[in-house]
Amino acid sequence: MTESITIIDNRTGNQLEIPISHGGVSAAEWQKLLPGIWFHDPGLTATAFCESTITVVDGENGILRYRGYPIEQLAEKSNYLEVAYLLLHGELPSAVAFDQWRHEVTMHTFIHENVRKRFLEGFHYDAHPMGMLVSAVAALSTFYLDAKDIFDPESRNKQITRLIAKMPTLAAAAHRFSVGMPFVYPDNSLDFCSNFLSMMWKVAEPRFDANPTLARALEILFILHADHEQNCSTTAMRVVGSSHADPYSCCAAACAALYGPRHGGANEEVIKMLTEIGSIENIPSFVEAVKQGHGRLQGFGHRVYKNYDPRAKIIKRTADDVFAITGKNPLLDIALKLEEIALNDEYFTSRRLYPNVDFYSGLIYQAMGFPLEMFPVLFAIPRTAGWLAHWQELLDQDSKIVRPRQLYVGAEPREYVPLSQR
Ligand code: CMC
């Protein structure tokens, strides 16, 4: 079988054979035959935006791998910092390299006092923590002027370390401010997740020791959220990165993309939906309304997965461990029944709509005490590793600035009419 496609311009009869490479065809080749004819692909549903070696999602079979390693193995055996290293460097670290990496991240967890005192504390008392995070990440670019040296490997590594290390500090600071609690400084004797939990929950005790089961659950959730190839926020990172902006500005754009309910805001929407449903008896009428086009089943469906999201399977198991400590989230029974009903309903099965990562993650976060507004923030912390891995890859690929075309369907040329004559 020939691994190519042939296109024919029916206006001229001219034809061109384009090789299929890694499951894609080159738009540059297409352009040779059809200059000025553009692909119309809103949502980029049929466009491979780049070549990447970082993460593979096989949506048909429900498979997710980082740098070739199955997500199930990483979630079971690894930790977030090791996974971040893997995403950024392409290989798991040696023991020495891991110690060095962990030390560097730990030594960069503090934020400049001005970021907290003058910047974060300048927000209105009821500011959404994700809005604060988006702005604070962008503001970091004004503190690290060397961040503009994006092709200097030393500077690049420094910004990457800073971003991974400071995200939990900024996230916890945003939360503490939004609930009127004093800022908690990082505790460098704690690991990445335990330190974050300490900055979130510490009150007057000299040292906050997180429950190890809850710290491990957070670690698993961070691993599962660390990357997901060309999702909306990673694409935002690559788009802004393609203009050669500094990594803080790129990450702020990625955070902003993650803020939306169709992306990182979805698990918050799941909790709102389950709360609105209220009891198991109300599920059938709710599902019926969704089928009639009144809203969506939040936490269901995915652009790529047309099968059970492998992350959702792992999260479901993690939920049991968490609920053993925190007590069961009362919304769990509604979620389980809702899943069962949807998975047996032709509307959802025919559209291949399955639970995604957000269906159960919100239940865990809520049981752990995180307010709903923190959910997208909790997504942004680990996804920073993925964003930065893609940013690095993009810069090493000598890529062009992202500048798509459009199909203009607006007004024909017309003459300006002065205000007095309109
Ligand atoms: N509930 C009910 N119907 C749905 C849903 C849903 N959650 N998702 C898709 N559909 C239907 C949709 O109405 C359409 O039906 P029809 O063909 O009759 O018009 C069909 O399925 C295809 O939907 P689509 O909007 O073309 O699919 P998409 O690939 O553009 O959207 C999605 C993907 C994730 C935005 C969408 O499934 C959705 O809105 N889900 C709910 C929000 C959610 O859970 N988001 C988190 C995604 S996972 C986390 C992440 O990676 O960020």
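## Starting at a short turn

Let's begin with a turn: strands β2 and β3 make a hairpin with two residues between them, and H22 in that turn has a positive phi of about 50 degrees. Keep in mind as you look around that this is a predicted model. The pairing of β2 with β3 (residues 24-25) is antiparallel and rests on two bridges. In one of these pairings, S21 has G24 of β3 as its bridge partner.

## The sheet around β2

On to the other hairpin that β2 takes part in. Strands β1 and β2 form a hairpin with six residues between them, and the turn includes G13, whose phi is positive at about 80 degrees. Five bridges hold β1 (residues 4-8) against β2 (residues 15-21), again in the antiparallel sense. If you would like to trace the register by eye, S4 faces P19 in β2, and I5 stands opposite I18 in β2.

Which order do the strands take? They make an open sheet of three strands, ordered β1-β2-β3 with antiparallel pairing. Its edges are β1 and β3, each of which pairs on one side only.

## Another three-stranded sheet

Further along the chain there is an open sheet of three strands in the order β4-β5-β6, also with antiparallel pairing. The edge strands here are β4 (55-58) and β6 (69-70), and each pairs on one side only.

Strand β5 (residues 63-66) joins β6 through two bridges in the antiparallel sense. A handy landmark for this pairing is R65, which stands opposite P70 in β6.

## Two domains and their interface

The domain assignment divides the chain into domain 1 (4-56) and domain 2 (57-422). Both strands of the β1-β2 hairpin, residues 4-8 and 15-21, fall within the 4-56 range of domain 1. The β4 strand covers 55-58, so to speak a bridge over the boundary between residues 56 and 57.

How far apart are the centres of domain 1 and domain 2? Taken over C-alpha atoms, they are separated by 32 Å. At the interface, 12 residues of domain 1 are in contact with 24 residues of domain 2. The area buried between the two domains is about 1500 Å², with carbon and sulfur atoms giving 63% of it. On the domain 1 side, F49, I54 and V56 lose the most area to domain 2, and together they account for 45% of what that side buries. As for charged pairs, zero salt bridges are found across the interface of domain 1 and domain 2.

## Cysteines without partners

How many disulfides does a search of the whole structure find? The count is zero. A disulfide is a covalent bond between the sulfur atoms of two cysteines, and the cut-off used here asks for those atoms to be within 2.5 Å.

Why does C50 have no such bond? The closest cysteine sulfur, in C232, is 14 Å from the sulfur of C50, so the two are too far apart for a bond. C50 is partly exposed, with a relative accessible area of 24%.

The story for C232 runs along similar lines: its closest cysteine sulfur belongs to C255 and is 12 Å away, which is too far for a bond. C232 also counts as partly exposed, because its relative accessibility is 48%.

How values were computed: Residues numbered from 1 in each chain as written. Predicted model: local features only at pLDDT ≥ 70, side-chain atom pairs only at ≥ 80, totals over all residues. Heavy atoms only, no water. Pairing = 2+ DSSP bridges. Helix = DSSP H or I, 4+ residues; strand = E, 2+ residues; numbered from the N terminus. Buried < 20%, exposed > 50% of the residue type's maximum accessible area, 1.4 Å probe, protein only. Domains from an automatic or database assignment. Contact = heavy atoms within 4.5 Å. Buried area = accessible area lost by both parts, 1.4 Å probe. Salt bridge = Lys/Arg side-chain N within 4 Å of Asp/Glu carboxyl O.
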